[in-house]
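Please report on the internal spaces and the exposed nonpolar surface of the structure shown here, with the criteria stated alongside the values.

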Amino acid sequence: KRALTLWKRDKPTWIANQIIRNINVGLSTGFLFLQSKEPRDFLAALFQVNMVSIMLCASSSVNTLLEDRSVFYKHHNSNFYSALSYVLGQVTALLPSILIDASVLGSLLYWMVGFRATAEAFIIYFLYFVTFDMLMLQLFNVFVAIAPNKSLLTAACTVTIFFNTLFCGFIVTPDVLPVYWTWLYWILPSTWVYRGLALNELEEADLIRNGFASASGIHFSKSWIGYGFVYVIGAFLLATIVAAFCLNLRIEEPQTCAPEIKKNEEDDTEDKETR
C-alpha cells in the first residue's frame, strides 16, 4: 500500500516522462528497422529494445530501492509488514510503469519493425516484455537487499547487465559459444527470453542460419517459447523469496548505533556523579 501511495503521488510527472522516453526510443528504433524483411534485423531490434532497454530501465530504479531499505527496517521493527510483503509491494507498485513500457515502447517497436501480424504472436511478445521486466527488477532487488552501499550495488547491476547482454544470443550466438561458457548461457534469464522472442517471430530455418543452434547440436523449436515462460516465472518467484530472506538477515548499522549511544550517555552520567 505504501509503495502504491508513493507511485500515485508522483504519477503525473512520472507517467509523462516515461511516455516521452518510450516514444523516443520506440520511434528511433522503429525507423532504424522500419518494415524490415531480414531476420538479422528482427533479431537486432529485439536485442536493442527488449534486452538492453529493459535491463537499463530496471537498473535505474535500484537507487530508489536502496534509499527505501532503511524505511523498511523502521517499519519492519514496528511490525508494520513482513519482508515478503515489502518485496511484493514494490514490484506491484511498479507494475503500472511496466505495463506503460510494454504498451507504448513494445507496441511501437512491434508494428514499425514489421513483426508477425497475429494476435497470438503479439500477446506472446507482450507477455515476455512484462515478465522479463518484472524479473530484472526483482533480481536487482536481491542486490539491493545484499549490497552494503551504493557503489557495490552499482557494480553488481553493471556486471549482471554485461553478462546478460553479451550471452543472450545476439552478440555471441549459441552455435559459437565456447564450451566453458555453456553453463552461463543456460542460467542467464536474458537467453531464455531472447530465444523465446526470436522463436516467436522467425522460423526455425531462419534461426539456424543466424546461429540459433547450440554447440551440442540442439535445435530450438517453438516449444521452447513455453519453456522460456516457465523459467522466467520460476526465476521471479525464486528472486522474490531470496530478496525477502536477505532483507530479514541483514543487520542495518543504524539499528546498532542507538544502544551504544545510550550506553555512552549512561557512562558519562556515572562519571559526573563520581566526581
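Helices (H or I, at least four residues) and strands (E, at least two) are taken as DSSP runs, numbered from the N terminus. The model is predicted, so that local features need pLDDT of at least 70 and side-chain atom pairs count only at pLDDT 80 or more, while totals for chains, interfaces and linings use all residues. Residues are numbered from 1 along each chain as its sequence is written, and side-chain values use heavy atoms, with hydrogens and water left out.

The protein chain has 12 helices and zero strands. Of its 275 residues, 46% are buried (under 20% relative accessible area; exposed means over 50%, and partly exposed lies in between, with a 1.4 Å probe and protein chains only).

Helix H2 (residues 11–32) contains Phe-31, which counts as exposed because its relative accessibility is 56%. Phe-31 also joins Ile-19, Ile-23, Leu-27 and Leu-34 in a nonpolar surface patch of about 420 Å². Such a patch takes residues with over 30% relative accessible area and no salt bridge, nonpolar side chains (Val, Leu, Ile, Met, Phe, Trp, Tyr) being joined within 5 Å and like charges within 9 Å; a salt bridge is a side-chain nitrogen of Lys or Arg within 4 Å of a carboxyl oxygen of Asp or Glu. The areas come from the Shrake-Rupley method with a 1.4 Å probe.

Empty space was sought on a 1 Å grid over the protein atoms alone: a cavity is a set of points where a 1.4 Å probe fits but cannot get out, a pocket is an open set with protein on both sides within 12 Å along at least five of seven lines, and lining residues have an atom within 4 Å of a point. A volume is the space filled by probe spheres set on the points.

| Space | Volume | Largest share of lining |
|---|---|---|
| Second largest pocket | about 300 Å³ | H11, five residues |
| Largest cavity | about 30 Å³ | H6, three residues |

The second largest pocket is lined by 17 residues, and Leu-139, Phe-143, Ile-187, Pro-189 and Tyr-231 lie nearest its centre. Two or more lining residues come from each of helix H6 (119–146), helix H7 (150–166), helix H8 (182–187) and helix H11 (223–249). By class, this pocket lining has 15 nonpolar, two polar and no charged residues, where Ala, Val, Leu, Ile, Met, Phe, Trp, Tyr, Cys and Pro count as nonpolar, Asp, Glu, Lys and Arg as charged, and the others, Gly among them, as polar.

One cavity of 30 Å³ or more is counted. The largest cavity is lined by Leu-65, Arg-69, Tyr-86, Asn-141, Val-144, Ala-145 and Leu-247, with helix H4 (62–77) and H6 each giving two or more residues.
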